[in-house]
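I opened the model today to look at how two chains meet and at a few backbone details along one of them. My notes follow in the order in which I looked things up.

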Amino acid sequence: MSGSLLWMTTSAAQASPWAVKTLTDRAAEALPSSPWLTLAYLAGSLAALGALVSFLGMSLIYVERKLAAHFQCRLGPMRVGPHGLLQTVADSIKLLLKEDIVPERADRAMHLLAPFLSMSATVLALAVLPYSPSLQIADVNIGALYITAVGGLGVMGTLLAGWSSNNKWSLIGAMRAAAQIISYEVSATLALLVVVLFAGTLSLSGIVQSQAAGWWIWRAPGVGIVAFTIYLIASTAETNRTPFDIPEGESELTAGFHTEYSGLRFSFFFLAEFINVFVVSAMAATLFLGGWMPFRVGGLDGLNAVMGLLPPGGWFLLKTCGVVFLLMWSRWTFPRLRVDQLMRLEWKFLLPVGFVNLAAAALLVLWNLYFFP
Amino acid sequence: MGRVNFRDIRREERLLGGKRIPVAVLPRLSRNAGVWSAARSLLRSMRLTLHYLVRPSTVATRQYPENRATLKFPERYRAVLRLVEEEGCHRCAAACRLCEKSCPNGSIKVISRMGAISGKVELDRYIWRQDSCTLCNACIQACPFGALEMRPDFENAVYDRRLLIYTLNRYAGPPASVLHKEENPEARRKMMEPRDRYGGPVPANGYFLPNVPPLGGAPGPDAAAMDPVAGKGEPA
């Protein structure tokens with residue numbers, strides 16, 4: 001196992017000139033010489049995470065509203081700032097100034113805790129994403145497994161919110177959300193495992209570097225596309241987006257599990273949902289679309305030179321935004337699935353397809369039937 | 001895809017929960033309603049939304065009030081009631097009150113008087129309640145003289161709701177058909193007694209709304225006589 005890993009690293013080192021150096025690596029290196037630099041790196045990482053969360057939240061919500069509007073033949077926010085650019089800022093200020101309500105017979109401690117659980121699960125996932133070779137906060141060597149595990153933590157926030165609200169519709173929404181998320185986690189993991197099989201490593205930056213010769217979506221013939229589709233569908237369900245947004249069910253359950261929330265703590269749920277969208281898009285881009293690897297074709301040096309002009313961080317952003325656009329496009333096109341249709345889709349369709357896909361991927365890896373192994 | 005022919009539905013009796021229940025059995029989905037056709041229809045719908053996204057000409061929203069200069073409403077758009085004016089004269093010939101009777105929620109009040117010069121019943125005040133009018137057009141259809149019309153002037157917002165109850169006619173007197181027969185402008189003007197917009201017995205002056213003071217100043221000259229509570233009701 002370690003022999004093949006060595007082979008993997010050497011070929012990767014030959015193939016890609018980018019060496020990954022995460023911020024925690026830099027912090028660890030600085031430790032013997034000056035602990036203050038270490039602290040500075042760590043504090044800087046925290047600040048960067050905070051800035052990323054707020055900036056992403058504001059821009060994604062604005063983009064969602066504008067895209068939703070234009071998909072529906074209307075304009076979206078136009079008044080607050082030029083073309084409504086400051087709309088989310090105004091909305092955030094409004095949410096912060098709202099009264100914080102805890103229903104009288106609600107379980108107060110859990111009601112206060114739930115949004116923080118959701119938010120922390122999201123932020124934990126943001127910490128290991130490979131944004132660029134030099135801009136990763138921490139590269140856990142079980143990155144893919146870590147993301148799956150932390151995604152499961154988010155369910156706790158939802159369940160706690162629905163239960164503690166002392167509201168039967170919130171409870172129904174929370175139960176549906178829990179059932180949906182834990183079901184679709186299985187399919188998402190199966191799709192993720194396909195890439196792990198091909199890449200030979202769970203570490204996210206290792207997966208990115210293994211795509212130096214080509215992105216897994218086409219380098220893994222057939223199984224790549226299928227795994228990508230399964231991963232996208234499962235992620236849409238994981239993040240409670242239409243057509244799988246029955247837990248929120250805006251037209252059916254008021255606001256589902258977050259009905260009884262207002263002000264800052266509601267904004268946590270809202271923000272967590274949008275940043276989850278970013279996280280799953282970033283994961284899809286990392287696993288299947290090459291992460292921060294530019295688009296390169298073997299022989300065409302001119303094309304490769306042009307593609308190399310965009311820095312790796314820019315490539316990551318481009319790919320993630322592409323997947324985010326795809327998710328938003330499908331949100332505003334498809335009707336909502338009923339909860340039984342949703343469960344049936346997962347257990348009777350996506351799961352068997354995922355298993356067959358994984359088996360086929362295993363065979364392909366075993367017999368080296370993919371390009372540039 | 002997914003469409004079932006009515007004639008293919010069969011009636012069967014099945015044992016469900018221990019009872020024999022009549023059920024309607026639909027035929028199985030055909031091959032045309034499978035996974036691939038579903039996926040194709042999903043992609044087709046995505047193409048439609050993309051079509052709307054990339055074409056700004058499909059946007060249906062208009063930016064008001066920036067577009068006021070070019071704003072056009074259809075001619076029959078109903079926003080405000082007016083008396084039809086022919087050279088400054090209205091057409092209400094007899095104050096017959098057909099419009100008042102046809103109004104479904106009593107937004108019109110016609111006050112008539114005996115014309116001093118013509119000797120016939122004339123329009124004194126035509127009071128319209130814009131705050132309760134539903135713009136249903138019944139009054140226009142009811143009027144036998146075509147004296148009413150609806151205009152598309154929709155910018156009617158006010159900060160004081162008493163301003164929404166007002167008199168539509170600018171003068172109390174005979175209609176255009178009588179006035180235009182009179183050649184002498186001096187005699188014509190004698191037959192037309194001017195009426196202000198907010199005088200009149202309707203609650204615009206605050207008489208009937210509790211705790212609402214009158215709208216600036218003394219009530220109109222005909223207020224006391226026309227007050228249905230304190231006065232004797234309108235003169236015939």
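Before counting anything between the chains, I fixed the term: a polar contact is a pair of N or O atoms within 3.5 Å, and within protein one atom must be able to donate a hydrogen and the other to accept it. I also kept in mind that this is a predicted model, in which side-chain atom pairs count only at pLDDT 80 or more.

Entry one, the contacts between the chains. With that term in hand, I looked up the count between chain B and chain A and found six residue pairs in polar contact, both residues being at pLDDT 80 or more. Sorting the residues on the side of chain B that touches chain A, I had 10 nonpolar, five polar and two charged. I then looked for salt bridges between chain B and chain A and noted a count of one, formed by Arg79(A) with Glu66(B), where the closest N and O atoms are 2.7 Å apart.

Entry two, the extent of the interface. I listed 17 residues of chain B in contact with 15 residues of chain A. The size of an interface is often given as the accessible area lost when the parts come together, so I looked that up as well. For chain B and chain A the buried area is about 1500 Å², and carbon and sulfur atoms give 70% of this area.

Entry three, chain B as a whole. I recorded six helices and nine strands in chain B, and I noted that buried residues account for 30% of its 236 residues. Chain B exposes about 15900 Å², of which carbon and sulfur atoms supply 56%. Taking the contacts in chain B between residues at least 6 apart in sequence, I found that 62% of them join residues at least 24 apart.

Entry four, the backbone of chain B. I looked at the peptide bond from Tyr64(B) to Pro65(B), which is cis with omega near 10°, and I placed Pro65(B) in the loop between helix 1 (35-54) and strand 3 (80-83) of chain B. In the loop between strand 3 and helix 2 (98-102) I came to Glu87(B), a residue other than glycine whose phi is positive, near 50°. Is Glu87(B) buried or exposed? Glu87(B) counts as exposed because its relative accessibility is 68%, and the cut-off for exposed is over 50%. Arg97(B) is also found in the loop between strand 3 and helix 2, and I noted for Arg97(B) a positive phi near 65°, again in a residue other than glycine.

Conventions:
Residues are numbered from 1 along each chain as its sequence is written. Chains are lettered from A and ligands numbered from 1 in the order in which they are written. Side-chain values use heavy atoms; hydrogens and water are left out. Helices (H or I, at least four residues) and strands (E, at least two) are DSSP runs, numbered from the N terminus. Buried means under 20% relative accessible area, exposed over 50%, partly exposed in between (1.4 Å probe, protein chains only). Contact means heavy atoms within 4.5 Å. Accessible areas come from the Shrake-Rupley method with a 1.4 Å probe; for residues, only the protein chains shown count as cover. Buried area is the accessible area (1.4 Å probe) that two parts lose on being put together, summed over both. A salt bridge is a side-chain nitrogen of Lys or Arg within 4 Å of a carboxyl oxygen of Asp or Glu. A polar contact is a pair of N or O atoms within 3.5 Å; within protein, one must be able to donate a hydrogen and the other to accept it, and residues adjacent in sequence count only if both atoms are side-chain atoms. Ala, Val, Leu, Ile, Met, Phe, Trp, Tyr, Cys and Pro count as nonpolar, Asp, Glu, Lys and Arg as charged, and the others, Gly among them, as polar.
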